Amino acid sequence: HSFPTRRSSDLIVMVGLAVWAHSFCRSTLAFYDGLASSYKVPLKVFIWQPGTSNRDTVGYSHNEFSHIDYRFISNNRVDALGLIERYKDWHHIFGTYQKGDLFREILLRTEKLGCKAAIASEAPSNMAPPPISIVKSVYLTTILKYKVRSQINAADFIINFSGDADVKLRSIGWKKNNIINCGYYSPPLLESAFTT
């Protein structure tokens, strides 16, 4: 698996990493930050849903990701289309492809622009209580694979945040060789310390 790249003589160079994130999730933001750092490229994060309402009450700091260039897009189609055009030479990762019609559309737009894109997401899961779990099970096994078919085809691969649990990913159309099994976890809170 490889990210889209620009070739400079015989050296492959990554220009930058643009992430279309589902929410302001500290675990995934830290993952994307680490990924960009490891490739030594600039990072821009475009966030669909804020999800920041209770950060202070659970000990998170608003300064934790102040070094990351992020902005909230919500459902601003004009803004999102302008950003995908501006960063079409960058590598793109989508943190949502099942929800959020705008981000699902933007993922398809990367394919039309000749960009290459990846998805980073957990495998579909069914944690609903009965009887809702029965309805969701039918949805996951029948409707979802048709809903995400175009998005799966537009992406080069998926970073499976559910570790090696990829059976449900394959059941909705992902091929085994397009799944990168990967776990993730939250970094320590700022000013926290490990104890034994």
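**Close-up views of a predicted model**

**Figure 1. The lining of the largest pocket mixes 12 nonpolar, 9 polar and 4 charged residues.** Here nonpolar means Ala, Val, Leu, Ile, Met, Phe, Trp, Tyr, Cys and Pro, charged means Asp, Glu, Lys and Arg, and the others, Gly among them, are polar. What you're looking at is a predicted model, where local features need pLDDT of at least 70 and side-chain atom pairs 80 or more, while totals for chains, interfaces and linings use all residues. Residues count from 1 along each chain as its sequence is written, and side-chain values use heavy atoms, with hydrogens and water left out. The pocket (on a 1 Å grid over the protein atoms alone, an open set of points where a 1.4 Å probe fits, with protein on both sides within 12 Å along at least five of seven lines; lining residues have an atom within 4 Å of a point) has 25 lining residues. If you want to find its centre, look for His22, Gly95, Lys99, Ser121 and Glu122, which lie nearest to it. Strand 3 (17-23), helix 1 (26-39), strand 7 (117-121) and helix 4 (132-147) each chip in at least two lining residues. Helix 4 gives the largest share, with 4 residues. Helices (H or I, at least four residues) and strands (E, at least two) are DSSP runs, numbered from the N terminus.

**Figure 2. Phenylalanine 24 and phenylalanine 65 meet edge-to-face.** This is a view of one of the 13 aromatic pairs in the structure. To pair, rings of Phe, Tyr and Trp (its six-membered ring) need centres within 6.5 Å; planes under 30 degrees apart are stacked, over 60 edge-to-face, and the rest tilted. For Phe24 and Phe65, the centres are 6.1 Å apart and the planes sit at 80 degrees. Phe24 is in the loop between strand 3 and helix 1, and Phe65 is in the loop between strand 4 (43-49) and strand 5 (69-72), so this pair ties together parts that are 41 residues apart in sequence. Are these two rings buried or exposed? Both Phe24 and Phe65 are buried (under 20% relative accessible area; exposed is over 50%, and partly exposed is in between, with a 1.4 Å probe and protein chains only).

**Figure 3. Tyrosine 70 and phenylalanine 72 also form an edge-to-face pair.** Their ring centres are 5.9 Å apart and their planes make an angle of 75 degrees, so the pair gets the edge-to-face label. Tyr70 is partly exposed, at 28% relative accessibility. Phe72 is partly exposed too, with 38%. Elsewhere, six residues gather into one aromatic cluster: Trp20, Phe46, Tyr87, Trp90, Phe94 and Phe103.

**Figure 4. Alanine 80 has isoleucine 106 as a partner from further along the chain.** Ala80 belongs to helix 2, and at 0% relative accessibility it counts as buried. Leaving out residues up to four places away in sequence, Ala80 touches Trp20, Ile73, Leu102 and Ile106 (a contact means heavy atoms within 4.5 Å). Follow the backbone and Ala80 and Ile106 are 26 residues apart, yet their C-alpha atoms are 7.3 Å apart in space. Two of those touched residues, Leu102 and Ile106, are on the list of buried residues of helix 3, which also includes Phe103, Arg104, Leu107 and Thr110. Zooming out to the whole chain, 72% of the contacts with a separation of 6 or more join residues 24 or more positions apart.

**Figure 5. Lysine 116 and histidine 92 come together across the sequence.** They are 24 residues apart along the chain and 6.9 Å apart in space, C-alpha to C-alpha. Lys116 is in the loop between helix 3 and strand 7, and its 44% relative accessibility makes it partly exposed. Just after helix 3 you'll also spot Gly114, whose phi is positive, at about 85 degrees.

**Figure 6. Three loop residues show off some backbone oddities.** Most residues other than glycine have a negative phi, and most peptide bonds are trans. Lysine 40 has a positive phi, near 60 degrees; this residue lies in the loop between helix 1 and strand 4 and is exposed, with a relative accessible area of 73%. Serine 74 has a positive phi as well, near 55 degrees. You'll find Ser74 in the loop between strand 5 and helix 2 (77-86), where it is partly exposed at 42%. The peptide bond from proline 130 to proline 131 is cis, with omega near 0 degrees. Pro131 is in the loop between strand 7 and helix 4.
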